[in-house]
Amino acid sequence: MLLIHCPYCEEDRSELEFRWAGEAHIARPENIAAISDEEFAEFFFLRNNEKGLTYERWRHIHGCGRFFNAARDTVSDSFLMTYKAGLPKQPVPVAERFAAIAEETSVETWEQTEGDAR
Amino acid sequence: MAELATRSLPLSGVHGGSAIVRLEPAAPATRISLRVRAEDVPALSSALGVDLPMKPKTSVYANGRTALWLGPDEWLVIDEGESGLMTAAANSGALHSATDVSHRNTAILVSGAGAASAINGGCPQDLSLDAFPVGACSRTLFGKVEVVLLRTAEDAFRMEVWRSFSDYAFGLLSEGARDAAL
Ligand SMILES: [Zn+2]
């Protein structure tokens, strides 16, 4: 089971208590009525969906109820760090980043294991 | 004279458990769901007669009332009697939000040597005494339902659950109690 560190509860808790809540650090336009349709689509619908390091919002919905931000590696699924909502985008500590890269090279995919077994 | 409705608990009369776990419905209690900003916490604490804990996963008991930390500005306050928690909060003179949830929740008392194992049958939290000591409390999941867990003694817990989910919670606890005794 994946453990996620909640910055409000200050401890690692089971992923079952959390919900994903989309990409983080998307600022709402100051005057949303003044922007063009293209700008609105960019703000409202379009997401980067990056492979690797992404910044996401998560919510400890079955715990303290708080939203917070997380840096997560979408290849290995590992959480690199979490921090409170409202803080600017935090740099991922170098050690965590290297650990994630090392993990990425040893991630078992379905093709590598089950695929061959067939 | 109009006949008054008689109040019955959603789990009244049920009993269960195993050789090492005892399950019983808790007596009726008064409860409020309380939201308070940090600067107004002292005013609410003195109005309620119990200090609202500021540390995650902790509770404070005083004057028959238990205040459980649920989030950075959120508490569940339980009074085992029929006392006026709402009135006390309203008289605090400080900005807050209090909702009477006395009848939304009911509680199951889980005790005995296998109490933690029975709960862990459906709850992912670490219930060892180091991680979850006496007085620790947390909102968490039990199977498919959300519950608030409070450790009242080394081998006793109070599980607060929404009343419509209480049958499910009791059933799952009964299975956990059986498994704990194996
Ligand atoms: Zn939390």
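Which residues lie nearest the centre of the largest pocket? In this predicted model, they are Glu23(A), Asn49(A), Glu50(A), Thr54(A) and Tyr55(A), which belong to a lining of 16 residues. Two elements of chain A, β3 (19-23) and β4 (53-59), each give two or more residues to the lining of this pocket. The largest share, four residues, is contributed by β4(A).

The second largest pocket is lined by 18 residues, and those nearest its centre are Leu70(B), Glu74(B), Arg104(B), Arg139(B) and Glu146(B). Four strands of chain B give two or more residues each to this lining: β3 (30-35), β6 (74-79), β10 (145-153) and β11 (156-162).

The table sets out the volume of each pocket and the make-up of its lining.

| Pocket | Volume | Lining residues | Nonpolar | Polar | Charged |
|---|---|---|---|---|---|
| Largest pocket | about 320 Å³ | 16 residues | four residues | six residues | six residues |
| Second largest pocket | about 260 Å³ | 18 residues | nine residues | three residues | six residues |

In the largest pocket, the lining thus holds six polar and six charged residues beside four nonpolar ones. In the second largest pocket, nine nonpolar residues accompany three polar and six charged ones.

Where does the second largest pocket lie with respect to the domains of chain B? Domain 1 (16-27 + 105-180) and domain 2 (30-100) of chain B both give residues to its lining, and the pocket therefore lies between them.

How values were computed: Residues numbered from 1 in each chain as written. Chains lettered and ligands numbered in written order. Predicted model: local features only at pLDDT ≥ 70, side-chain atom pairs only at ≥ 80, totals over all residues. Heavy atoms only, no water. 1 Å grid on protein atoms, 1.4 Å probe; cavity = no way out; pocket = protein on both sides within 12 Å on 5 of 7 lines; lining within 4 Å. Points joined across faces, edges and corners; volume = space filled by probe spheres on them. Nonpolar A, V, L, I, M, F, W, Y, C, P; charged D, E, K, R; others polar. Domains from an automatic or database assignment.
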